[in-house]
Amino acid sequence: MDGVKAQFPLFQHHPELVYLDNAATTQKPQAVIDGISTFYEKSNANIHRGIYRLAAEADQQYEAVRQKVASFLHAPDAQHIIFTSGTTASINLVAQSFLANRLQPGDEVLISAMEHHANLIPWQQLCRLKNARLRIIPLTKDFQLDMKAFREMLHPRVKLLAVTHISNVLGTHNPVQEMISMAHKQEIPVLLDAAQSAVYGELDMQQLEVDFCAFSAHKMLGPTGVGVLYAREKWLAEMQPVVFGGDMIKAVSFEESTFAEAPRRLEAGTANIAGVIGLGHAIDFLNQFEKGKIRRHAEALGQIAQEKLLTINGLQIMGPQEQAKAVISFCMKSIHPHDIATFLDDAGIAIRAGHHCAQPLMAWLGVAATSRISFSLYNEASDIDRLIAALKEIHRFFA
Ligand SMILES: Cc1ncc(COP(=O)(O)O)c(C=O)c1O
């Protein structure tokens with residue numbers, strides 16, 4: 001990863017910063033920042049409506065990103081890609097435009113005990129509305145999904161399985177390929193929350209045969225306010241619009257309206273055009289690296305960090321210890337995670353402390369909050385040395 005960090009201007013403005021909050025959002029390379037401002041400087045026009053050349057060019061650039069996302073995901077066609085404002089919006093869209101029309105009283109939706117609130121509350125609220133049941137795949141003592149319990153929970157009343165690929169708290173990498181094929185044997189569609197895994201560029205929709213896949217541009221070097229929902233062909237026609245307005249219609253009268261085909265009918269209103277262009281540049285940036293390289297780099301740093309963290313007295317890692325992971329949560333005996341994060345901030349190290357939008361998981365862990373570090377492609381071994389030195393100082397200070 002030599003020379004990669006120099007391509008992220010934030011680190012030139014903050015040369016001493018150790019940024020370990022990549023699970024919350026990643027920094028942006030110059031190419032993404034330039035791509036967005038070049039669009040505004042040279043190509044700005046609204047899409048899907050203008051006849052003039054500039055508008056046609058904006059259209060072409062926007063739709064080229066849809067194609068780029070499809071290739072990035074190995075999706076069979078660009079029409080399977082719906083642009084949203086982020087993972088949260090993508091998951092809510094599946095809840096409202098797909099599952100709301102299918103879910104009957106007594107039906108079940110299956111999620112896991114390690115979900116982010118974004119992959120929990122939309123299902124919880126929908127189940128409440130429909131008198132359906134939200135069921136939770138439990139975890140084992142070693143922070144993995146309990147696959148035996150999962151197998152027993154699969155039955156025809158389950159109308160959707162929604163599961164995270166990589167936990168944003170524990171770092172657990174779930175066996176999603178196996179879970180999807182188990183769910184499909186019972187004809188249960190599966191939504192994959194790929195917020196934490198999309199950055200690795202290893203998602204393959206055709207190999208996974210997943211029904212829906214949601215992720216955010218901002219966690220994969222792109223801008224905030226843009227996300228993707230991939231939907232499998234057999235469900236696209238079923239997905240009803242839930243936001244109505246411009247850019248999603250076939251014909252409108254005062255009496256009735258007919259709607260465009262998907263994905264257009266699911267993208268009402270002016271899109272975040274520059275944001276989508278930025279996502280395209282982020283994908284180009286990620287595509288420079290050989291498959292698996294970014295993940296291996298982040299996981300190798302995670303492995304070193306974990307070994308060194310465990311040398312600190314009273315420090316406990318909340319996550320699987322045998323699995324290589326780029327996201328590590330930990331607790332230090334008698335020291336509040338907020339104190340840890342504040343102390344580290346004074347040392348120029350940015351980490352996340354809190355419940356990580358996973359309060360039920362915190363309850364299962366028996367804590368109110370954890371400290372979390374997460375690595376990306378621009379992190380270096382020296383970041384870990386700075387972190388460990390500062391944590392040792394915190395330990396001495398509070399001892
Ligand atoms: C696993 C997971 N799912 C969903 C989300 C929500 O993403 P966003 O806030 O970009 O919609 C996050 C963000 O932290 C996440 O880590």
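**Helix α5 and the two domains**

In this predicted model, the exposed residues Arg128 and Leu129 sit on the face of helix α5 that is turned away from its buried side. That buried side is a good place to look next. Within α5, which spans residues 121–130, the residues Pro122, Trp123, Leu126 and Cys127 are buried. These four lie on the same side of α5 because they cover an arc of only 125 degrees around the axis.

What do the buried residues of α5 pack against? Their partners are helix α4 (87–97) together with the strands β3 (108–112), β4 (133–137) and β5 (158–164). Just after α5, the backbone has a feature worth finding in the structure above: Asn131 takes a positive phi of about 55 degrees.

Stepping back from the helix, the domain assignment divides the protein into two parts. Domain 1 is made up of residues 5–20 and 290–398, while domain 2 covers residues 32–287. Taken over C-alpha atoms, the centres of domain 1 and domain 2 are 28 Å apart.

How many residues of each domain take part in the contact between them? On the domain 1 side there are 23, and these are in contact with 23 residues of domain 2. Elements that each supply at least two residues to the side of domain 1 touching domain 2 are the helices α11 (293–309) and α13 (359–365) and the strands β12 (327–332) and β15 (370–374). By residue type, this side of domain 1 holds 12 nonpolar, 7 polar and 4 charged residues.

How values were computed
Residues are numbered from 1 along each chain as its sequence is written. This is a predicted model: local features need pLDDT of at least 70, side-chain atom pairs count only at pLDDT 80 or more; totals for chains, interfaces and linings use all residues. Domain bounds come from an automatic or database domain assignment. Two residues are in contact if their C-beta atoms, placed from the backbone, lie within 7 Å. Ala, Val, Leu, Ile, Met, Phe, Trp, Tyr, Cys and Pro count as nonpolar, Asp, Glu, Lys and Arg as charged, and the others, Gly among them, as polar. A residue is buried if 20 or more other C-beta atoms lie within 10 Å of its own, exposed if 12 or fewer, and partly exposed in between; C-beta atoms are placed from the backbone. The arc is that of the directions from the helix axis to the C-beta atoms.
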